[in-house]
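Reader: I'd like a close look at one part of this model, the part where charged side chains meet a set of paired strands. Could you walk me through it, with the cut-offs spelled out as you go?

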Amino acid sequence: MSKIEIRTVTNNKELRTFVQFYYDLYRGNQCAVPFLLSEEMATLRADKNPSFECCESKYFMAFRDGQMVGRVAAIINRRANERWNCHQVRFGWFDFIDDIEVSKALLAAVEEWGREKGMNEIAGPLGFIDTDREGMMIDGFDELCTMYVNYNYPYYPQHMEQMEGFVKDNDYVEMRVKVPEKVPDKFSKITEMVRKRYGLRVHKFSRKELIDDDWGRKIFDLLNATYKDLYGFSQLSDRQIDKLVNDYIKIADLNLVTGIMDGDKLVGFGITFPSFSRALQKTRDGRFLPFGWWHLLKVLKWHKTPIVDLLLIGVLPEYRAKGANALIFDDLIRWFQRYNFEWAVTGPQMENNEGVLSQWQYLESEPYRRHRCYRKKF
């Protein structure tokens, strides 16, 4: 075989080639989801993504005989490194054909760049920030993916196991939860108790409250407080929060967004979206045109999907023991029933986060997929 050539992305045309590789590699796969092209481009561009105020990156493409055979993003998040007291270069957007020489060459390029920048370890798959896709799928390859997590072929983790020095750093678990025909008595009883004893209440936000009155910002301020000790997390800045509000809150069905209030104080939230997975599969490589917008609109406006994605849920630590989570689920389950959703799929949850994982015990649920982050010292 001819030698593998590693090229660096130097302009937006090459960046589009970098992004396009995923669509080509997974075309026709019934479980993979083609991410929105516009969002992928914006995330990877320093002039579009506010994460670059604390991050720097370099993108590598692998070629053999003139044909692209793999890609990887190298990322340094200085804010996360300071928070976790490490000198780490991250790898993400890691995709490749089933050739161990290709995957090794790509990660070697990330390591070399990391060394040049004074780093002494590599970890991933990780994004710029915690709301980017994280982890390599190691279980659940035959299940429909969501747009919020990585999908990969089974040979990916097999390659990682063959690479010297890489060890498991963290596992995430996604749960599939059956939407019950009625709210479980456990939730109903806890909800009633919480309302009477602590005065907590559910609040459904208006668009004006979330955007003009800054409650959208307060939701992500709360995310900063509740996610601060999670693996690899770095605090979101004002610009990053503004982007998240624009990306999610402005288009959300507000019936599927729940706030928990203690008086005038926001103490918990849940953000859910109908699943766009099948709709995205009907687009042309994640493009809105010519007809991709129509498939996405049918989901967003008319909920033409049996699945709802539990995107983000957060409750202040001092309110978890008071049962604030139960209020979130009590409210959202009722909306899931009205919209005829059959299943809810959680976002990635750390396998050792027993407090979060235990909340599904009162519902019919099962582990759905598992993702792994790897780490190597050098």
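Author: **Salt bridges and the strands around them**

The count comes to 35 salt bridges, where a salt bridge is a side-chain nitrogen of Lys or Arg within 4 Å of a carboxyl oxygen of Asp or Glu. Keep in mind that this is a predicted model, so to speak of a local feature takes pLDDT of at least 70 and side-chain atom pairs count only at pLDDT 80 or more, while totals for chains, interfaces and linings use all residues. Residues are numbered from 1 along each chain as its sequence is written, and side-chain values use heavy atoms, with hydrogens and water left out.

Let's start at Lys168, which has a salt bridge to Asp171 at 3.7 Å, N to O. Lys168 is partly exposed at 41% relative accessible area, whereas Asp171 is buried at 1%. (Buried means under 20% relative accessible area, exposed over 50%, and partly exposed in between, with a 1.4 Å probe and protein chains only.)

Lys168 also meets Glu351 in a salt bridge, at 2.7 Å, N to O. That pair links distant parts of the chain, 183 residues apart: Lys168 belongs to strand β7, and Glu351 to the loop between β13 (349–350) and α14 (354–357). Those labels are DSSP runs numbered from the N terminus: helices are H or I with at least four residues, and strands are E with at least two. Glu351 has 32% relative accessibility, so it counts as partly exposed. Put the pieces together and you get a network of salt bridges that links Lys168, Asp171, Glu351, Arg370 and Arg372.

Next comes a salt bridge between Arg369 and Glu174, whose closest N and O atoms are 2.9 Å apart. Arg369 lies in strand β14 (residues 365–377) and Glu174 in strand β7, so the pair ties together parts that are 195 residues apart in sequence. How buried or exposed is each partner? Arg369 has 1% relative accessibility and counts as buried; Glu174 counts as buried too, at 1%.

Now for the backbone side of the story. Strand β7 (residues 167–178) runs antiparallel to strand β12 (residues 343–346), and three bridges join them. (Two strands pair if DSSP finds at least two bridges between them.) Where β7 meets β12, Val177 stands opposite Ala344. β12 has another partner in strand β11 (residues 307–315): those two run parallel and are joined by four bridges. Val308 stands opposite Ala344 here, so Ala344 in β12 turns up opposite both Val177 and Val308.

Just one stop more along the chain. Asn340 sits in the loop between α13 (324–338) and β12. Its phi is near 60°, a positive value in a residue other than glycine. With 58% relative accessible area, Asn340 is exposed.

If you were hoping for covalent cross-links as well, what does a search of the whole structure find? Zero disulfides, taking a disulfide as a pair of cysteine sulfur atoms within 2.5 Å. Take Cys31: the closest cysteine sulfur, in Cys145, is 8.6 Å from its own, too far for a bond. Cys55 is in no disulfide either, with the nearest cysteine sulfur, that of Cys54, 3.9 Å away. Cys55 is buried at 4% relative accessible area.
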